[in-house]
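Hi,

Here is the structure I promised to pass on. Have a look at it first, and my notes come right after.

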Amino acid sequence: MQWTDEAVVLRIGRFRETDLWVRFLSREKGLVTAFAFGGRRSRRRFTGCLDVFNVLSVSVASSRDGRFLNLCEATLLEGPDRLRRDWRRQGMAANCVRFLEAMDVPPDSARSCWELTRGLIRLLEQEEEALPVLPMLFRFRLAADQGYVPELTHCARCGRPLHGIQQVQFVVGEGAPCCPSCRRHGDMSLPLGEEALDVLTKVKEYSPVAWNTLRPSPEGTRQAARFIDAFVRYHLGLEWINGRFKAV
Ligand SMILES: [Zn+2]
């Protein structure tokens, strides 16, 4: 079977003398790893475009025994410039990619992940400012797009709307928010003020470039970040250890 699609290159590795493996996010297929035989030499088939964060048009075929994918051809559609020169931004993008790899991207969430990743690269490439909290927000949005994030609009215990409540509690063990009057003694919970809740709601809705306009206060940022951290750890079972996300 052979298919063509648009893809963002996420990671490249060498194997043998002249061959490469390429991990990319395809718009329709999600996270894919394919072999580029002769990838280190063949300028005709790959026109020197196998580079991280490049957007490519790829042509991929299954091997005869169906055990691996073969990257037959690739052409460059768009390549970042600033992201190549700015190490801090590159680090942020790499952090997002590690999370994406740890979560995996099945074909049914490929489209939303594609839009999100393109939006992230666009932001890092074009915007004058890139908030340090960006990778954290990316994690939250990716988890939300894959259906892992609970509704943050109503108290999970009494059903009361949470809008306008100054301090909502996120009950970590239940992975759900509750209003102050439903909080029980002994609940392990994290406070989510109106501002943090507003940031999370907007991150779920808007594309990354618009996240830059949110500008939460340090306290709002801290609350949102602690919530995302706890959520990723307890409900997705992932923790950032030595430069990658590991199952905990
Ligand atoms: Zn309640």
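Below is what I found, starting with the whole chain and then going through some helices and single residues.

First, the housekeeping. Residue numbers start from 1 along each chain as its sequence is written. Please keep in mind that this is a predicted model, where local features need pLDDT of at least 70 and side-chain atom pairs count only at pLDDT 80 or more, while totals for chains, interfaces and linings use all residues.

**The chain as a whole**

The chain has 8 helices and 10 strands; these are DSSP runs numbered from the N terminus, with helices being H or I of at least four residues and strands being E of at least two. Its C-alpha trace spans about 65 × 40 × 30 Å along the principal axes. Of the 248 residues, 33% are buried. Here "buried" stands for 20 or more other C-beta atoms within 10 Å of a residue's own, "exposed" for 12 or fewer, and "partly exposed" for anything in between, with C-beta atoms placed from the backbone. Among contacts with a separation of 6 or more, 57% come from residues 24 or more positions apart. A contact needs two C-beta atoms, placed from the backbone, within 7 Å.

**Helices 3 and 4**

Helix 3 has 17 residues and reaches 24 Å from its first C-alpha to its last, close to the 24 Å expected at 1.5 Å a residue (the expected span is 1.5 Å times one less than the number of residues). Its buried residues are Arg89, Met92, Ala93, Cys96, Val97, Phe99, Leu100 and Met103. They line one face of the helix, because they fall within an arc of 160° seen down the axis; that arc is taken over the directions from the helix axis to the C-beta atoms. Trp87, Arg88 and Gly91 are exposed on the face turned away from that buried side. The cover over the buried residues of helix 3 includes strand 1 (2-15), helix 2 (82-85), helix 4, helix 5 and strand 10 (244-247). Just after helix 3 comes Asp104, with a positive phi near 70°.

How does helix 3 pack against helix 4, and at what angle? Helix 3 (residues 87-103) and helix 4 (residues 110-126) meet at about 170°, with their axes 10 Å apart. That makes the pair roughly antiparallel. For the terms: angles under 35 degrees count as roughly parallel, over 145 as roughly antiparallel, 65 to 115 as roughly perpendicular and the rest as oblique. The axes are lines fitted to C-alpha atoms, for helices over the stretch in contact, and angles run from 0 to 180 degrees between N-to-C directions.

From helix 3, the contact uses Arg89, Met92, Ala93, Cys96 and Leu100, and from helix 4 it uses Cys113, Leu120, Ile121 and Leu124. These divide into 8 nonpolar, no polar and 1 charged. In that split, Ala, Val, Leu, Ile, Met, Phe, Trp, Tyr, Cys and Pro are nonpolar, Asp, Glu, Lys and Arg are charged, and the others, Gly among them, are polar. Helix 4 itself has buried residues including Trp114, Leu116, Thr117 and Leu123.

Cys96 sits in helix 3 and is buried, with 25 other C-beta atoms within 10 Å. Leaving out neighbours within four places in sequence, Cys96 is in contact with Leu120, Pro135 and Phe138. Cys96 and Leu137 are 41 residues apart in sequence, yet 9.4 Å apart in space, C-alpha to C-alpha.

**Helix 6**

In helix 6 (residues 194-205), the buried residues are Ala196, Leu197, Val199, Leu200 and Val203. They are on the same side of helix 6, because they cover an arc of only 160° around the axis.

**Single residues to look at**

Leu71 is in strand 5 (residues 69-78) and is buried, with 25 C-beta neighbours inside 10 Å. Beyond four places in sequence, Leu71 touches Val22, Ala34, Phe35, Ala36, Val58 and Val60.

Two residues other than glycine also have positive phi: Phe53, near 75°, and Arg215, near 40°. Phe53 is buried, with 21 C-beta neighbours inside 10 Å, whereas Arg215 is exposed, with 11 other C-beta atoms within 10 Å.

Cheers
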